[in-house]
Amino acid sequence: MLYLVGTPIGNLSDMSPRAVEVLTQADVIACEDTRVTGILLKEKGIEAKKLFCYQEHNKAAKGPVLIDMMKQGLTVAQVSDAGMPAISDPGEDLVRLAVEAGIEVSVIPGPVAAVSALAISGLSTRYYHFEGFLPQESKKRRDRLECLKEYSETIVLYEAPHRLVKLIEELESAGFGDKKASFCRELTKKYEEVIRLTVSEAKKYFEQNAPRGEFVVCLEPLAAEAGAKKEAGTACDADTLIRLLLEKGMPTKDIAQVVSKATGLGKKEMYARTLELS
Ligand code: SAM
């Protein structure tokens, strides 16, 4: 059995009682840095049966070892240094291996920096795109920046403080200069702060105030209107579909069900719309 256990992104009080319970009972705790996890365990009074280092640099070799342990009946709890494992953290590969091996995987949810930042960004949360860290390699990075231009959803990025100004400059060059952004730093910690500026304003701000701590950047998309168009498009598609099915003589209830499934719009809403159009 594999448990993916969310741990705090800063404030240790955010650790859930269920996370404590699972880590206490696990045969093996797979973690990125045994010292970092050791501090958390000590703070929470958890005596780990076994700590096993599983991180970005050794995951190809250590993943199969953990899978063997689970096949032998051991319970493995995976944590990362902070937040949800598998979200811009090692874990994704282990989950895939476990799924392929037919091992049960369960989640003990915890804070995610991206979602926490998005929630307080003041930007649209209706649609969002999670980008995480941009690649370091320049060609891949340029390609991803090109892709970001196409998005019509709020974009959520992770960045280290020493690279934040470079990221802001790249976003400005990509055309995001006058777009709103929120820079959430040190979430849940003593110096939590949300800086809401346009990208160009942020460039000036961070040139004068050196970025410190961990950052999540939430960014207004370039193609802002596309989101609205998409919604209008969906409603229009629903009407077209309803009319077509009415012509075919399908009963109102069935139309509502089919159109709701096809568009993702509510069944009740589609039932009412079908009555209106019939
Ligand atoms: N798995 C984590 C999660 O659930 O969000 C993310 C881990 S990723 C390796 C680390 C990045 O997450 C940091 O560079 C920063 O961008 C973001 N991050 C993590 N903790 C944060 C915090 N307390 N405040 C702001 N950003 C944070």
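**Figure 1. A buried glutamate and its salt-bridge partner.** In this predicted model, Glu131 is buried, with a relative accessible area of 13%. Arg144 forms a salt bridge with Glu131, and the closest N and O atoms sit 2.8 Å apart. Arg144 lies in helix 6 (residues 138-150) and Glu131 in strand 6, so this pair ties together parts that are 13 residues apart in sequence. Arg144 itself counts as partly exposed, at 24% relative accessibility.

**Figure 2. Arg141 and Glu159, a salt bridge from helix 6 to strand 7.** Here the closest N and O atoms of Arg141 and Glu159 are 3.6 Å apart. The pair links distant parts of the chain, with Arg141 in helix 6 and Glu159 in strand 7, 18 residues apart. Are these two residues buried or exposed? Both Arg141 and Glu159 are buried. They also belong to a network of salt bridges that takes in Arg163, Lys166 and Glu170.

**Figure 3. Lys203 and Glu172, a salt bridge between two helices.** The side chains of Lys203 and Glu172 meet at 3.5 Å, N to O. Lys203 belongs to helix 8 and Glu172 to helix 7, 31 residues apart, so the pair links distant parts of the chain. Lys203 is partly exposed, with a relative accessible area of 24%, and Glu172 also counts as partly exposed, at 26% relative accessibility. Across the model, the salt-bridge count comes to 17.

**Figure 4. The open five-stranded sheet.** In what order do the five strands of this open sheet run? The order is 6-7-10-8-9, with mixed pairing. Strand 6 (128-132) and strand 9 (193-198) are the edge strands, each pairing on one side only. From one strand to the next, the twist averages 20°. As a reminder, strands of a sheet pair through backbone hydrogen bonds, either parallel or antiparallel.

**Figure 5. Strand 6 beside strand 7.** Strand 6 and strand 7 (residues 154-159) pair in the parallel sense over four bridges. For a landmark, look for Phe130, whose bridge partner in strand 7 is Val156.

**Figure 6. Strand 10 and its two neighbours.** On one side, strand 7 and strand 10 pair in the antiparallel sense over five bridges. Leu157 stands opposite Val217 in strand 10. On the other, strand 8 and strand 10 also pair in the antiparallel sense, over five bridges, and the bridge partner of Cys184 in strand 10 is Val216. How many of the five residues of strand 10 are buried? Five of the five are, so strand 10 is largely enclosed by the rest of the structure. Phe215, Val217 and Leu219 point one way from the strand, while Val216 and Cys218 point the other way. That fits the usual pattern: in a regular strand the side chains alternate between the two faces of the sheet.

**Figure 7. Strand 8 against the edge strand 9.** Strand 8 and strand 9 run antiparallel and are joined by six bridges. One pair to pick out is Ser182, which stands opposite Arg196 in strand 9. Five of the six residues of strand 8 are buried, so strand 8 is largely enclosed by the rest of the structure.

**Figure 8. Helix 8 across the sheet strands.** Helix 8 (residues 199-208) lies across strand 8, strand 9 and strand 10. Its run makes about 125° with strand 9. Lys203, the salt-bridge partner of Glu172, sits in this helix.

**Figure 9. A nonpolar surface patch.** Which residues make this nonpolar patch? Ile87, Val115, Tyr128 and Phe130 do, over about 330 Å². Tyr128 is found in strand 6, and Tyr128 is partly exposed, with a relative accessible area of 42%.

**Figure 10. Glu56 in its loop.** Glu56 is found in the loop between strand 3 (51-53) and helix 3 (59-71). Glu56 is partly exposed, with a relative accessible area of 43%. The C-alpha atoms of Glu56 and Val115, one of the patch residues, are separated by 23 Å. Along the chain, Glu56 and Val115 are 59 residues apart.

Key. Residues are numbered from 1 along each chain as its sequence is written. This is a predicted model: local features need pLDDT of at least 70, side-chain atom pairs count only at pLDDT 80 or more; totals for chains, interfaces and linings use all residues. Side-chain values use heavy atoms; hydrogens and water are left out. Two strands pair if DSSP finds at least two bridges between them. Axes are lines fitted to C-alpha atoms, for helices over the stretch in contact, and angles run from 0 to 180 degrees between N-to-C directions. Contact means heavy atoms within 4.5 Å. Patches are made of residues with over 30% relative accessible area and no salt bridge: like charges are joined within 9 Å, nonpolar side chains (Val, Leu, Ile, Met, Phe, Trp, Tyr) within 5 Å. Accessible areas come from the Shrake-Rupley method with a 1.4 Å probe; for residues, only the protein chains shown count as cover. A salt bridge is a side-chain nitrogen of Lys or Arg within 4 Å of a carboxyl oxygen of Asp or Glu. Buried means under 20% relative accessible area, exposed over 50%, partly exposed in between (1.4 Å probe, protein chains only).
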